[in-house]
Amino acid sequence: MCGLGWRGDMEAVPARARAYVACVAVAALLCLLPLPAVRTPWWALALLAALSAGCEQAAARWRFAGTFYPVLLAGAFLLPPPAAALVALPGALLSPVERRPRGLRRLWRAAQLAVSVWAAARVHGAMGGPDAVESSDFPYALAPAGVAVLVFCLVLSLLDGGILALAERIPVRRSWRGLFLRSLAPVAVHGLAGLMMAVLWRSPYGPVAALLVLLPMCVSGWVFAQYHRERAAHQATIRALVQAVDIKDEYTRGHSERVGQASMMIARELGMDDARIEVLRFAGILHDVGKLGVPTRLLRKDGPLTPEERRVIELHPEYGHEMVRGISFLGEARAAVLHHHERLDGSGYPYGLRGGQIPESARVVAVADAFDAMTSTRSYRRARPVGTALEELERCAGSQFDPRMVTALVRALSRHGWHPAVTADEADEVDEAGVPHPRPTSAGRPGVRR
């Protein structure tokens with residue numbers, strides 16, 4: 001939320017997007033205009049504004065995505081609409097912004113939040129919410145609070161969709177798609193915490209008890225931020241390894257990512273849980289990392305490989321396993337790196353495992369790897385059509401490939417399709433019609449290099 005999809009630099013922000021931000025800022029000012037005439041508990045407003053600003057600073061330090069909404073929604077449940085809108089301004093205007101134009105982004109964030117909180121407070125007040133909060137009238141207090149949260153989320157989504165359409169030039173029919181539904185669940189949780197804060201604030205225990213509600217929210221936010229930081233580190237590790245393989249074996253550039261995608265499709269079709277699907281995606285992406293230990297001249301050789309050269313290349317699964325053995329988060333992906341060239345009939349390598357001796361993750365990656373190798377144009381042969389590749393997989397099912405994995409891939413492709421990307425050598429030779437013509441080389445080269 002809060003325009004996170006808006007990525008333009010200072011020079012790139014269109015005039016119409018700047019005008020849109022100015023209009024929202026004017027709307028925020030109009031929301032604040034009645035403030036001098038409204039009976040406002042200024043000490044409560046100041047405390048909530050300071051608390052909101054502190055939470056924003058902590059969220060930025062933890063690199064927690066989004067805005068910390070419980071305090072803003074507590075303000076909507078406790079204060080008149082103009083005062084509630086003012087709670088959002090200090091945190092939004094003082095929060096750090098990484099992308100340019102920083103001033104315009106802060107103005108946008110402050111205006112968007114002020115208008116959204118004002119709308120939520122207005123609806124909450126119209127439904128008698130403040131009286132329900134004052135008297136701790138449950139479950140009636142849930143109704144106006146729930147509607148206020150819906151309005152808050154809806155206004156945020158509407159404003160976000162507008163800035164995406166104008167600043168990012170996303171088509172209008174797509175700019176709002178999914179924004180409301182994606183944000184509703186987290187905003188609802190924050191709204192419940194805000195309601196608890198408001199009720200405790202009005203209770204005999206006062207604001208100190210209300211602040212205790214933030215403790216579990218802050219802990220969960222910190223844990224969430226740590227998880228995302230660790231996940232980002234994992235992704236960076238994998239990206240660095242894959243980039244190294246692509247540089248060394250440039251004619252299969254993009255192959256690793258496509259094998260990861262196909263492995264994920266197979267895993268989903270088999271009904272695996274999300275965590276395991278992610279691990280199998282890692283397995284597909286890293287299956288050829290051992291090529292870093294293979295001489296480059298062999299990977300790029302145009303002619304047939306000699307038996308000795310083939311034996312050298314067949315060491316790449318063991319090299320790869322040694323490279324990733326110490327990366328604990330990969331889990332069973334490490335076994336897939338080691339065994340993705342095993343065959344069900346025992347004629348594969350490096351250990352000649354048979355049938356169920358081959359780890360399931362390796363059987364998934366083996367099918368994904370072979371499929372992408374057949375449907376991608378290489379320097380030594382043209383790509384096969386998807387249908388032809390699937391027929392070949394089905395022909396080899398039971399001897400080379402696990403029939404379950406082949407069937408799962410066929411079903412997944414029948415639903416989602418496949419869009420193979422051309423790889424490095426094709427880019428050099430393309431005719432006027434855009435059809436790639438890879439340079440002629442010796443046919444029948446062993447498939448071990450896929």
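Start with helix H20, residues 403-416: its 14 residues at 1.5 Å each should span 20 Å, and the end C-alpha atoms are indeed 20 Å apart, so expectation and model agree. The model here is a predicted one. The chain around H20 has 20 helices and zero strands, and 49% of its 450 residues count as buried. Among contacts between residues at least 6 apart in sequence, 73% join residues at least 24 apart.

**Helix H20 up close**

- The buried residues in H20 are Met-405, Val-406, Ala-408, Leu-409, Ala-412 and Leu-413.
- These cover an arc of only 160 degrees around the axis, which means they sit on the same side of H20.
- Flip to the other side of H20 and you find Ser-414 and Arg-415 exposed.
- The cover over the buried residues of H20 includes helix H12 (255-269), helix H18 (360-375) and helix H19 (386-396).
- At the start of H20, Asp-402 has a side-chain oxygen that comes within 2.9 Å of the backbone nitrogen of Arg-404.
- Just past the other end, Gly-417 has a positive phi of about 75 degrees.

**Two nonpolar cores**

- The largest nonpolar core holds 64 residues, and Tyr-69, Phe-77, Leu-79 and Phe-152 have the most contacts inside it.
- Seven stretches each give at least two residues to this core: helix H1 (15-32), helix H2 (42-61), helix H3 (70-78), helix H4 (81-94), helix H5 (102-126), helix H7 (142-167) and helix H9 (179-202).
- A second core, separate from that one, has 45 residues, with Ile-266, Ala-336, Ala-368 and Val-406 among them.
- Who does Phe-152 touch, leaving aside neighbours within four places in sequence? Its contacts are Tyr-69, Leu-73, Ser-116, Val-117, Ala-120 and Val-187.

**Annotated spans and helix H5**

- An unreviewed UniProt entry lists residues 17-35, 68-95, 107-125, 145-167, 179-201 and 207-225 under "transmembrane region".
- For residues 17-35, the end C-alpha atoms lie 28 Å apart, and the span is 84% helix and 0% strand.
- Residues 107-125 come out at 100% helix and 0% strand, with 27 Å between the end C-alpha atoms.
- H5 gets the same check as H20: 25 residues at 1.5 Å each should span 36 Å, and the end C-alpha atoms are 36 Å apart, so that agrees too.
- H5 is followed by Gly-128, which has a positive phi near 75 degrees.

**His-340 and Ser-256**

- Look for His-340 in the loop between helix H17 (333-339) and H18.
- Is His-340 buried or exposed? Its relative accessibility is 1%, so it counts as buried.
- A polar side-chain atom of His-340 is 3.0 Å from the backbone oxygen of Val-337.
- Setting aside residues up to four places away in sequence, His-340 touches His-287, Asp-288, His-316, Pro-317, Ala-362, Val-365, Ala-366 and Asp-369.
- Ser-256 belongs to helix H12, and a relative accessible area of 4% makes it buried.
- Not counting neighbours within four places in sequence, Ser-256 is in contact with Val-242, Gly-284, Ile-285 and His-287.
- Ser-256 and Asp-288 are 32 residues apart in sequence, yet their C-alpha atoms are 7.3 Å apart in space.
- His-287 turns up in both contact lists, that of His-340 and that of Ser-256.

Technical notes: Residues numbered from 1 in each chain as written. Predicted model: local features only at pLDDT ≥ 70, side-chain atom pairs only at ≥ 80, totals over all residues. Heavy atoms only, no water. UniProt positions renumbered as here; feature names shortened; annotations may be inferred. Helix = DSSP H or I, 4+ residues; strand = E, 2+ residues; numbered from the N terminus. Expected span 1.5 Å × (residues − 1). Buried < 20%, exposed > 50% of the residue type's maximum accessible area, 1.4 Å probe, protein only. Arc of directions from axis to C-beta. Contact = heavy atoms within 4.5 Å. Polar contact = N/O pair within 3.5 Å; in protein donor to acceptor, adjacent residues only side chain to side chain. Core = buried A, V, L, I, M, F, W, Y, C linked by side-chain atoms within 4.5 Å.
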